[in-house]
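The exercises below are to be worked with the sequence and the coordinates at hand. Each task is followed by a solution in steps.

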Amino acid sequence: MSSGGIEIRLTLNDESVAARVDPGDRLLDFLRYQRNLTGTKEGCGEGECGACTVLLDGIPVNSCLIPVWQARDRVVETVESVPEEELAALLASGATQCGACTPGVVMTAWWVRRNRDLVDTHSLRELMAGNLCRCTGYDGIIEGLEAWLESAASTGGGEGGA
Ligand code: FES
Ligand code: FES
């Protein structure tokens, strides 16, 4: 980061954060290197793989493509914000093998989990299409997400988080 930079304020994982950033920095780098939120991974670095997925105002985005200044006054959620107990269904289904894609998969799945009406108009495979995985063949991811949605429905789990 240059010695100058700009001040931004954002809500990060439910915490109000002020930071001085280089406007050219990516949101991905801000999260990993300024905030030490290393759960968010870099895969391709060019918007293809989804490993860097975070939620920006509740919507999945590729943080490798977002200049950090665009997060100013907005709400960012990373994989560290997802309650661990929420992940049981994904872990049980074999949704993760090498784990490189997993944080991004979790964030997109968390978005689906919190917006279950999405499945009325889209298949889970369509909703997860922005997250590439070279290991699982996707079946484990989809099965885990189905089980996650079912368990949330059977326990009366409504919208979680923001
Ligand atoms: S690292 Fe961002 S989409 Fe691949
Ligand atoms: S588990 Fe290895 S890339 Fe998805």
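**Exercise 1.** Which residue takes a positive phi in the hairpin of β3 and β4?

*Solution.* The model is predicted, so local features need pLDDT of at least 70 and side-chain atom pairs pLDDT 80 or more, while totals for chains, interfaces and linings use all residues. Residues are numbered from 1 along each chain as its sequence is written, and chains are lettered from A and ligands numbered from 1 in the order in which they are written.

Step 1. Locate the strands (DSSP E runs of at least two residues; helices are H or I runs of at least four; both are numbered from the N terminus). Strand β4 covers residues 59–62 and runs antiparallel to β3, with 4 bridges joining them; strands pair if DSSP finds at least two bridges between them.

Step 2. Check the register: Leu-56 stands opposite Ile-59 in β4.

Step 3. The hairpin has 2 residues between the strands, and Asp-57 takes a positive phi near 50°. Another positive phi, about 60°, belongs to Asn-36, just after α1.

**Exercise 2.** Describe the surroundings of Val-106.

*Solution.* Step 1. Val-106 lies in helix α3 (residues 102–114).

Step 2. Val-106 is buried because 26 other C-beta atoms lie within 10 Å. The scale is: buried at 20 or more such atoms, exposed at 12 or fewer, partly exposed in between, with C-beta atoms placed from the backbone.

Step 3. Outside its neighbours within four places in sequence, Val-106 is in contact with Val-79, Val-82, Leu-87 and Leu-90; contact requires C-beta atoms, placed from the backbone, within 7 Å. Leu-90 has further such partners, including Ala-109, Gly-144 and Trp-148.

**Exercise 3.** Which elements give two or more residues to the largest nonpolar core?

*Solution.* Step 1. A nonpolar core is a set of buried Ala, Val, Leu, Ile, Met, Phe, Trp, Tyr and Cys residues joined through C-beta atoms within 7 Å. The largest has 36 residues, and Leu-27, Leu-90, Val-105, Val-106 and Ala-109 have the most contacts inside it.

Step 2. The contributing elements are β1 (6–12), α1 (27–34), β3 (53–56), α2 (88–92), α3 and α5 (139–154). Helix α3 supplies the largest share, 5 residues.

Step 3. At least three core residues come from each of domain 1 (6–80) and domain 2 (82–154); the bounds come from an automatic or database domain assignment.

Definitions and conventions:
Contact = placed C-beta atoms within 7 Å.
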